[in-house]
Amino acid sequence: YVFGSGDNDEEYCTTAGWTLAPIEEAHLILARGTFTLNDGSGAIVSKKTDGEQAYFAKHDRVLKVAAERQIPMLVSNPDRVRPDA
């Protein structure tokens, strides 16, 4: 699962050898931005296009499930080092 920048988030993950998955199946959350939520299904929730209300409703649900499942979160800084660079 990725909290993304909206800029090639899925490509960023697959280049690193990761597969995106719904939060109910994820083993890790990658936080590389605060603009999109992406589980790899194609149903990306964007703060810009879907609005903040929809974004934060999904955001809060994802974090609740992640906390219940004790899923670790990796916070990255992709503007410094990208796995495909």
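**Exercises on a predicted fold**

The chain has 3 helices and 5 strands (DSSP runs: helices are H or I of at least four residues, strands E of at least two, numbered from the N terminus). This is a predicted model, where local features need pLDDT of at least 70, side-chain atom pairs count only at pLDDT 80 or more, and totals for chains, interfaces and linings use all residues. Residues are numbered from 1 along each chain as its sequence is written, and side-chain values use heavy atoms, leaving out hydrogens and water.

**Exercise 1.** State which pattern the chain follows along the sequence.

Solution. Read along the sequence, the pattern is β-α-β-β-β-α-α-β.

**Exercise 2.** Place Arg-32 and decide whether Arg-32 is buried or exposed.

Solution.
- Step 1: Arg-32 sits in the loop between β2 (29-31) and β3 (36-38).
- Step 2: its relative accessible area is 7%.
- Step 3: buried means under 20%, exposed over 50%, partly exposed in between (1.4 Å probe, protein chains only). Arg-32 is therefore buried.

**Exercise 3.** Find the polar partners of the Arg-32 side chain.

Solution.
- Step 1: a polar contact is a pair of N or O atoms within 3.5 Å; within protein, one must be able to donate a hydrogen and the other to accept it, and residues adjacent in sequence count only if both atoms are side-chain atoms.
- Step 2: the side chains of Arg-32 and Ser-5 form such a contact at 3.5 Å.
- Step 3: a polar atom of the Arg-32 side chain lies 3.2 Å from the backbone oxygen of Asp-7.

**Exercise 4.** Locate Met-73 and classify its exposure.

Solution.
- Step 1: Met-73 belongs to strand β5 (residues 73-75).
- Step 2: Met-73 has a relative accessible area of 40%, so Met-73 is partly exposed.
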